[in-house]
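Thank you all for coming along this morning. Before I begin, please bring the model up on your screens, and I will walk through it one part at a time.

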Amino acid sequence: MSAIRWAYAINQWKPQFDDFVRREEHERALKTISIAGFEGVELTYGTGRWEPLGNPQQLAANFGSVAGFREFLRSCALDGVSSWYWDPAERSMEHLTGPLSPLAEADVPAIVDRARELATALAELGGSVLLVRPVPGAGDVEPLDDDAIGRVAACWDAVGRATAEHGVRLALHVDFLSALRRDHAPRLIDRTDPALVGLALDTGELTVGGIDPLAVIATHGDRIAHVQFKDALAVDDAQEYLQPHAHWTVRVRGGAREVPRWFAEPGANGGLVDFPAITRALLDAGYAGWIVVESDQSPHPAASALLAGYLVQQELGPMVHEQRKAAV
Amino acid sequence: MAWTKWSYMDHWVTETPQGPQPPSFNRASMDRYVKQLSALGFTGFDTFFFYLPVYAGMYGGVPGFERYLQDSGFDKITGIFSAYPSATRYTAPHVRETHDRIVADCTNTLRMCEGLTGVENFIVMPTSTYHQTEPVTDDTIKVVADLWNRVGKLTLEHGMKTTCHFEFWGAIRTREQIDTFLSYTDPELVHFFCDTAQHTIAGVDPIQLFRDYRDRCTGFHFKDTKNVDEHEAYRTPPDPELMAPQVTRWFYEMGEGGLVDFPALMKEIVRSGYDGWLTVEHDKAELGGGSYAEATAVAKWYIDNVLAEAEAEVRAELEAAR
């Protein structure tokens, strides 16, 4: 029986570091997510005073405690947080640490500690998945040799062990700039412990990276621990992700073609992802867990959330229901 | 059971390659608009008389447009809003000589609605601006009433109720003027439409007004305001709604700390046995950088989470009293 739950990622409401900091803005966004038909919200890690939803310390500073934030979510008619996305390369003003790398063995204890903190808070917020960026961007590191893959696998096994103690699953989120796109995510996945480390299937990132999400479900369906639904509007077929600082030059600025926007809400005009086919494949693979809908880079986050809500209510949700009914 | 008959008044502005435009900019833009309203759970659609030719052109007739709405989860077009806010030498409700022209204009609008599932309300602004109409005497109100009695008879023949939506800047705006107007009109032909914000701005209690005219009330615009007009802004020429110097934005969505007590109104509506459509309206939600999508989402959230509770409370009381 399928136990798919729908959540929405709030990161689209924050175009840059000093936007979307006020309580009433959060309230309106969360109410929009709720009324669009989603029961949970996915957070993105952030640091400092202008990231009230970025980490447990900021939640406590802004809402009194992590539990206080859960109450705030409930007052907006949301059940809780589904998941938290964290890139260890993001510095932490709260811990006074710089970027951490899973490739550096010396950083692993700090990465494990930080993940444990996030998992503790997630559990309190009703969440069940910590998503991580497993390796840096392809343009920012040397190609990953076997030794490097081994170090990264050991890091995420250790992190997965720590988060599991809090009932939180670890999911590796491979984006289209990832060094794993060149060096093949399967090499890493296959070297991690399936009991500790899962895969996050992000339909938009994979499609922009020229990887068919349906193929990933076919080969690694049993390792999928989390799903993100967003559409892709273009493919990085010139392999621009290999450039240094591709986060700004390619992802944000659109590369040589100046692609205005790589991603959109599922079902957007010109979208390349076949969401009904992917939903069907996930159901057939027995996926149970969160599907978090996203619309990275949306100029109109509320509109994107409502349009995604329409697709889920009218088409994707009924597919899940049908399967549930058939299984009873 | 929670109220299911929520409709939306067609006011959106949306981003297009040509800047902010109504969603009727093109069919892709309409698709995005209608899907968003449908995702929020609106099943009725109210629109303006001046959009009917636009939609007819886009969808092969107004019935074609309604079928498109129905394919997207709507029940039907529920109301048509018609108005002559600025008096002209051809159309001025307080000038009897223009009535034939107004009736003819309404006839044209009704003709465009032929073949629809069942529009319930023909919503009208009963007068033009106050400053163009004053002095507002009993005789003025009588002339206006005569017009809407005529139109009311006409729309009934097309299955629609003529229902009057009073503006804070219109010539019939105070409680006394509204009472006089309604006493001069035939209750079978002319009905009352309660815009919560407009009455509140004019210093009239919309809940008491509904209580007193429940039998003639055929609809509502649920919208909020943060200001009562205390500076005679209603007299501002040429338009008090967007040009009053004292207040730059009059209207807000529900749930933003405005003056209207919507839970109390909802309770009154349920107690009264009213079973028509309730309409959400946003005027100028984009002022101050707002988004219609978010404003509509927040308003519908308020309906499903706050008003639903108020409704359930009264239904439980009524059930217990049976």
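I will start with the barrel of chain A, go on to the core and one helix residue, and finish with chain B and the contact of the two chains.

A word first on conventions: this is a predicted model, in which local features need pLDDT of at least 70, side-chain atom pairs count only at pLDDT 80 or more, and totals for chains, interfaces and linings use all residues. Residues are numbered from 1 along each chain as its sequence is written, while chains are lettered from A and ligands numbered from 1 in the order in which they are written.

Let us turn to chain A, where a closed barrel of eight strands runs E1-E2-E3-E4-E5-E6-E7-E10, with parallel pairing. Helices and strands here are DSSP runs numbered from the N terminus, H or I of at least four residues for helices and E of at least two for strands, and two strands pair if DSSP finds at least two bridges between them. From one strand of this barrel to the next, the twist averages 30 degrees, where axes are lines fitted to C-alpha atoms, for helices over the stretch in contact, and angles run from 0 to 180 degrees between N-to-C directions.

Strand E3(A), residues 80-86, is a good place to pause, since six of its seven residues are buried, so E3(A) is largely enclosed by the rest of the structure. By buried I mean that 20 or more other C-beta atoms lie within 10 Å of the residue's own, whereas exposed means 12 or fewer and partly exposed means in between, with C-beta atoms placed from the backbone. On one side, strand E2(A), residues 40-44, pairs with E3(A) in the parallel sense over five bridges, and Gly40(A) has Gly80(A) in E3(A) as its bridge partner. E3(A) also pairs in the parallel sense with strand E4(A), residues 129-132, over four bridges, with Trp86(A) standing opposite Val132(A).

Further round, strand E6(A), residues 197-202, and strand E7(A), residues 224-229, are parallel partners over four bridges; here Ala200(A) stands opposite His226(A), and Asp202(A) stands opposite Gln228(A). E7(A) is mostly covered, with six of its six residues buried, and three bridges join E7(A) to E10(A), which run parallel, Val227(A) having Ile291(A) as its bridge partner. Across strand E1(A), residues 4-9, and strand E10(A), residues 289-293, lies helix H12(A), residues 301-327, which runs at about 170 degrees to E1(A).

Which residues touch the most other members of the largest nonpolar core? Of its 195 residues, they are Tyr8(A), Ala36(A), Val41(A), Trp84(A), Leu130(A) and Leu306(A), a nonpolar core being a set of buried Ala, Val, Leu, Ile, Met, Phe, Trp, Tyr and Cys residues joined through C-beta atoms within 7 Å. Leaving aside residues up to four places away in sequence, Trp84(A) touches several residues, among them Leu43(A), Tyr45(A), Leu118(A) and Leu130(A), where contact requires C-beta atoms, placed from the backbone, to lie within 7 Å.

Is Val112(A), by comparison, buried or partly exposed? This residue, which sits in helix H4(A), residues 108-124, is partly exposed, with 18 other C-beta atoms within 10 Å. Not counting residues up to four places away in sequence, Val112(A) touches Ala158(A), Val159(A) and Ala162(A).

Now to chain B, where eight strands close into a barrel in the order E1-E4-E5-E6-E7-E8-E9-E12, with parallel pairing. Strand E9(B), residues 217-222, and strand E12(B), residues 278-280, pair over two bridges in the parallel sense, and Phe222(B) stands opposite Val280(B).

Elsewhere in chain B, helix H2(B), residues 52-59, packs against helix H3(B), residues 62-71, at an angle of about 75 degrees, with their axes 7 Å apart. The two are therefore roughly perpendicular, a term that covers 65 to 115 degrees, whereas under 35 counts as roughly parallel, over 145 as roughly antiparallel and the rest as oblique.

Finally, how many residues of chain B are in contact with chain A? There are 17, and they meet 17 residues of chain A; H12(B) gives the most to that side of chain B, with eight residues.

Conventions
Two residues are in contact if their C-beta atoms, placed from the backbone, lie within 7 Å.
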